[in-house]
Amino acid sequence: MATDAPPPQKGSPDAGPALPSTEEFTAVQESAEFGELRRAHRSFAFPLTIAFIAWYLLYVLLSNYAGDFMGTKVFGNINVALLLGLAQFLTTFLIAWWYARYSAAKLDPKAEAIKSRMEGGA
């Protein structure tokens, strides 16, 4: 919804926190604290991404080249392929849940500290 009101003036109470300069962003990006945050994220995300891609490719390769194994009945009309396919969904949700917990415990506090310092709150 458009209004005819002008944007808030810089420094007015409605303007919110002042935005950091490019130099301030660069300084924070080069800081040890930001490097630690980046390492913490990468040390979690990269190995899990690689593991999940390997798990997915294993499923695809088994589907293409091990048809007899994938067609093995486990019980009733449920075979190995169906169980492994459903396990793909399960692992996707488990990884998302695990990352949310890890992020809330390890990444968010560090990121919030950097953010508050950038906005002048600390």
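Aromatic rings of Phe, Tyr and Trp are taken as a pair if their centres lie within 6.5 Å, with planes under 30 degrees apart counted as stacked and planes over 60 degrees apart as edge-to-face. On this basis the structure, which is a predicted model, holds 3 aromatic pairs. The rings of Phe 44 and Trp 98 have centres 5.1 Å apart and planes at 80°, so this pair is edge-to-face. Because Phe 44 lies in helix H2 (residues 32-65) and Trp 98 in helix H4 (residues 80-118), the pair ties together parts that are 54 residues apart in sequence. Phe 44 counts as buried, at 10% relative accessibility, whereas Trp 98 is partly exposed, with a relative accessible area of 44%. Phe 44 also pairs with Tyr 102; the ring centres are 4.3 Å apart and the planes stand at 15°, so this pair is stacked. It links distant parts of the chain, with Phe 44 in helix H2 and Tyr 102 in helix H4, 58 residues apart. Both Phe 44 and Tyr 102 are buried. Through ring pairs, Phe 44, Trp 98, Tyr 99 and Tyr 102 are linked into a cluster.

Phe 44 and Tyr 102 also belong to the largest nonpolar core, which has 9 residues in all. The other members of this core are Val 28, Leu 37, Ala 40, Leu 48, Leu 107, Ile 114 and Met 118. Helices H2 and H4 each supply at least two residues of the core. When residues up to four places away in sequence are not counted, Ala 40 touches Tyr 102, Leu 107 and Lys 110. Of these contacts of Ala 40, Tyr 102 and Leu 107 are themselves listed in the core.

Charged side chains were examined next. The count of salt bridges comes to 2. In one of them, Glu 33 is joined to Arg 117, with the closest N and O atoms 2.6 Å apart. Glu 33 lies in helix H2 and Arg 117 in helix H4, so this salt bridge ties together parts that are 84 residues apart in sequence. Glu 33 is partly exposed, with a relative accessible area of 29%, and Arg 117 likewise counts as partly exposed, at 36% relative accessibility. Glu 36 forms a salt bridge with Lys 110, where the closest N and O atoms are 3.1 Å apart. Here the parts tied together are 74 residues apart in sequence, because Glu 36 lies in helix H2 and Lys 110 in helix H4. Glu 36 counts as partly exposed at 39% relative accessibility, as does Lys 110 at 25%.

For the chain as a whole, the secondary structure comes to 4 helices and 2 strands. From the N terminus on, these elements run α-α-α-β-β-α. Among the contacts with a separation of 6 or more, 60% are between residues 24 or more positions apart. Of the 122 residues in the chain, 16% are buried. The chain exposes about 9,400 Å², and carbon and sulfur atoms supply 66% of this area.

The mean pLDDT of the chain is 88, and 84% of its residues reach 70 or more. Confidence is lowest in helix H1 (residues 22-29), at a mean of 88, and highest in H2, at 96.

How values were computed. Residues are numbered from 1 along each chain as its sequence is written. Side-chain values use heavy atoms; hydrogens and water are left out. Rings of Phe, Tyr and Trp (its six-membered ring) pair if their centres lie within 6.5 Å; planes under 30 degrees apart count as stacked, over 60 as edge-to-face and the rest as tilted. Buried means under 20% relative accessible area, exposed over 50%, partly exposed in between (1.4 Å probe, protein chains only). pLDDT is the predictor's confidence in each residue, from 0 to 100. A nonpolar core is a set of buried Ala, Val, Leu, Ile, Met, Phe, Trp, Tyr and Cys residues joined through side-chain atoms within 4.5 Å. Contact means heavy atoms within 4.5 Å. A salt bridge is a side-chain nitrogen of Lys or Arg within 4 Å of a carboxyl oxygen of Asp or Glu. Accessible areas come from the Shrake-Rupley method with a 1.4 Å probe; for residues, only the protein chains shown count as cover.
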